[in-house]
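Hi,

Here is the structure I promised to pass on. Have a look at it first, and then read on for what turned up.

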2 protein chains.
Amino acid sequence: MPQASGLHPKEMREKIRTGKWQGPTAGCCGGYVQANLVVLPKALAYDFLLFCQRNPRPCPVLEVTDPGDPEPRTTAPGADLRTDLPRYRVYKGGKLERELTDLREIWRDDLVGFLLGCSFTFDVALQRAGVPVRHLEEGKNVSMYITNRPCRPAGALSGPLVVSMRPIPPPLISRAVEVTAQFPLAHGAPVHVGEPEAIGIADLSRPHFGDRVSIHAGEVPVFWACGVTPQAVAMHARPELMITHAPGHMFITDLPDEELAHRLL
Amino acid sequence: MPQASGLHPKEMREKIRTGKWQGPTAGCCGGYVQANLVVLPKALAYDFLLFCQRNPRPCPVLEVTDPGDPEPRTTAPGADLRTDLPRYRVYKGGKLERELTDLREIWRDDLVGFLLGCSFTFDVALQRAGVPVRHLEEGKNVSMYITNRPCRPAGALSGPLVVSMRPIPPPLISRAVEVTAQFPLAHGAPVHVGEPEAIGIADLSRPHFGDRVSIHAGEVPVFWACGVTPQAVAMHARPELMITHAPGHMFITDLPDEELAHRLL
């Protein structure tokens, strides 16, 4: 999406808010941090914040809004989490009920928004370091899989780890680890290298979220913890309500990517 | 305390639990992470966990226990937060009510324990890097000061940042920053270098917590965020109840110091 890559996040959020952009956000606003969104009632907010503390690789917290307040005052002052993402998912009792492009009609005074770091931040860094990023090359969404590895539970919340996968040529695996380890707030280093069956992935060609990508001869599938994990938690633990971004349709913050490398969490 | 420096944390916690050690823990169990303790009723746990998320330098969370459960199952399986610290402070309505050596009589089913990283971890690393650590040289507790810098509030909790101070010779300031920046879960890099009055410290010779240390000619006071900050929050925000460690009397975990450099938070 080259026409959106040079936009400032404020301009891009304006386009999204007014319905002029409804697609995925990969490649938009180059250099700025994009974030996963999770919205929960205040009654579940402690369990989720603790879940994030106990599972920092899939759920690195960038900001938590105050109950009822849709403005992420630290990462994007003036933005509105109800309107500034292109597409949302509403999970009720563990079921994906519907997708929406605007949350204003269903917003409540007790809703708390969580913004979690996203691998889009390190995808750019990988490319700069000469590591191929297949889903970007192919103009697709990254492949994501539900694994057999349980997250550490917190109160009412539990569920399996979700990972994203990038096929990497063996001579570049070490570099891919080094580059992504620099971004702990964007999921950090891989959680698994090779052997998809060891983490419960039977068929790489059938991702649970996102798109299938080509794996060239000799390439090794490398797996990173993924911010779609809370959606697997919703399906597993069946909370009353969880609203998330639709995979690939992220919230674009005002933070430069570099902040995630240096920011102390 | 050379006689305790070589003990394993399990042995040291046993000594503390049985009343054979009641002093500060600086220098005990070399190579293992020590932690600040904050205990709050579950009703305040969300606000405090959010306070930590918003103020990660003073409050880097290592573990949060489940309500009523005194065992830190991740950082020290088998330990008991009610008995395994040498000395506790009980704050009620913002006032330091008393100090105790055992919490069993006042423990409640709704109490949640938070373990926060501690600068003892980087003190050792500073010494290894050739940076003098004055309070260790002088066998004292580190000097701590309440600053004029507000923490970012969270719900009912707010208050000023507390810092620890180490006098550093100017040629070693950069090294001190580099070394401590490697330990984000132990407060990380300094928050301020020199100019104590700029952060509201009128008199370095009168610390608010801990001991006064010597400052040699030419040395610069360097300030790190401090895990005593929650005690300043207790005094400022006056929650019903907050129990903490007594300054310098920390909880000793089973985590090797290196974990805090590599662990992803």
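A word on the naming before anything else: helices (H or I, at least four residues) and strands (E, at least two) are runs assigned by DSSP, and they are numbered from the N terminus. With that in hand, B:Gly78 is easy to place: this residue sits in the loop of chain B between β2 (61-64) and β3 (88-92). Please keep in mind that the whole thing is a predicted model.

Is B:Gly78 buried or exposed? A residue counts as exposed if 12 or fewer other C-beta atoms lie within 10 Å of its own. B:Gly78 has 11 C-beta neighbours inside 10 Å, so it is exposed. Compare its position with that of B:Ala35: the two are 43 residues apart in sequence, and their C-alpha atoms are 16 Å apart in space.

Now the two chains. In general, two copies of a chain are related by a rotation about an axis and a shift along it. Here, chain A falls on chain B after a rotation of 180° with 0.0 Å of shift along the axis, at an RMSD of 0.0 Å. That is the relation of a two-fold axis. Which residue of chain A comes closest to the rotation axis? A:Tyr46 does, with its C-alpha at 2.5 Å.

The contact between the chains takes 13 residues from chain A and 13 residues from chain B. On the side of chain A that touches chain B, the elements giving two or more residues are α3 (42-54) and β2 (61-64) of chain A. α3(A) gives the most, with 5 residues. By class, that side of chain A has 10 nonpolar, 2 polar and 1 charged residues. The copies meet through the same surface, because 100% of the interface residues of chain A are also interface residues in chain B.

Next, chain A by itself. Its secondary structure comes to 8 helices and 11 strands. The C-alpha trace of chain A spans about 50 × 40 × 35 Å along its principal axes. How does that chain compare with a compact globule? For 265 residues, such a globule would have a radius of gyration near 18 Å, and the 17 Å of chain A agrees with this. Buried residues make up 50% of the 265 residues in chain A. If you take the contacts in chain A with a separation of 6 or more, 77% of them are between residues 24 or more positions apart.

One sheet is worth tracing on screen. In chain A, 4 strands form an open sheet in the order β6-β7-β9-β8, with antiparallel pairing. Its edge strands are β6 and β8 (192-193) of chain A, and each pairs on one side only. β8(A) and β9(A) run antiparallel and are joined by 2 bridges. To find that pairing, start at A:His192, whose bridge partner in β9(A) is A:Phe223. Helix α6 (residues 173-181) of chain A packs on the sheet, where it touches β7, β8 and β9 of chain A, and its direction makes about 10° with that of β9(A).

A second helix goes with this sheet: α7(A) lies across β6, β7 and β9 of chain A and runs at about 145° to β7(A). This helix, residues 229-237, is largely enclosed by the rest of the structure, because 7 of its 9 residues are buried. Those buried residues are A:Thr229, A:Pro230, A:Gln231, A:Ala232, A:Val233, A:Ala234 and A:Ala237. What do they pack against? Their neighbours are β1 (32-41), β3 (88-92), β6 (143-150), β7 (160-168), β9 (220-225) and β10 (241-245) of chain A. Just after α7(A), A:Arg238 has a positive phi of about 55°.

You can follow the sheet in chain B too. There, an open sheet of 4 antiparallel strands has the order β6-β7-β9-β8, and its edge strands are β6 (143-150) and β8 (192-193) of chain B. β8(B) pairs with β9 (residues 220-225) of chain B over 2 bridges, in the antiparallel sense. For a pair to look up in chain B, B:Val193 has B:Val222 as its bridge partner in β9(B). Helix α7 (residues 229-237) of chain B lies across β6, β7 and β9 of chain B, at about 145° to β7(B).

Cheers

Key
Residues numbered from 1 in each chain as written. Chains lettered and ligands numbered in written order. Predicted model: local features only at pLDDT ≥ 70, side-chain atom pairs only at ≥ 80, totals over all residues. Least-squares fit on C-alpha atoms with pLDDT ≥ 70 in both. Contact = placed C-beta atoms within 7 Å. Nonpolar A, V, L, I, M, F, W, Y, C, P; charged D, E, K, R; others polar. Rg over C-alpha atoms; globule rule 2.2 N^0.38 Å. Buried ≥ 20, exposed ≤ 12 C-beta atoms within 10 Å, placed from the backbone. Pairing = 2+ DSSP bridges. Axes fitted to C-alpha atoms, helices over the stretch in contact; angles between N-to-C directions.
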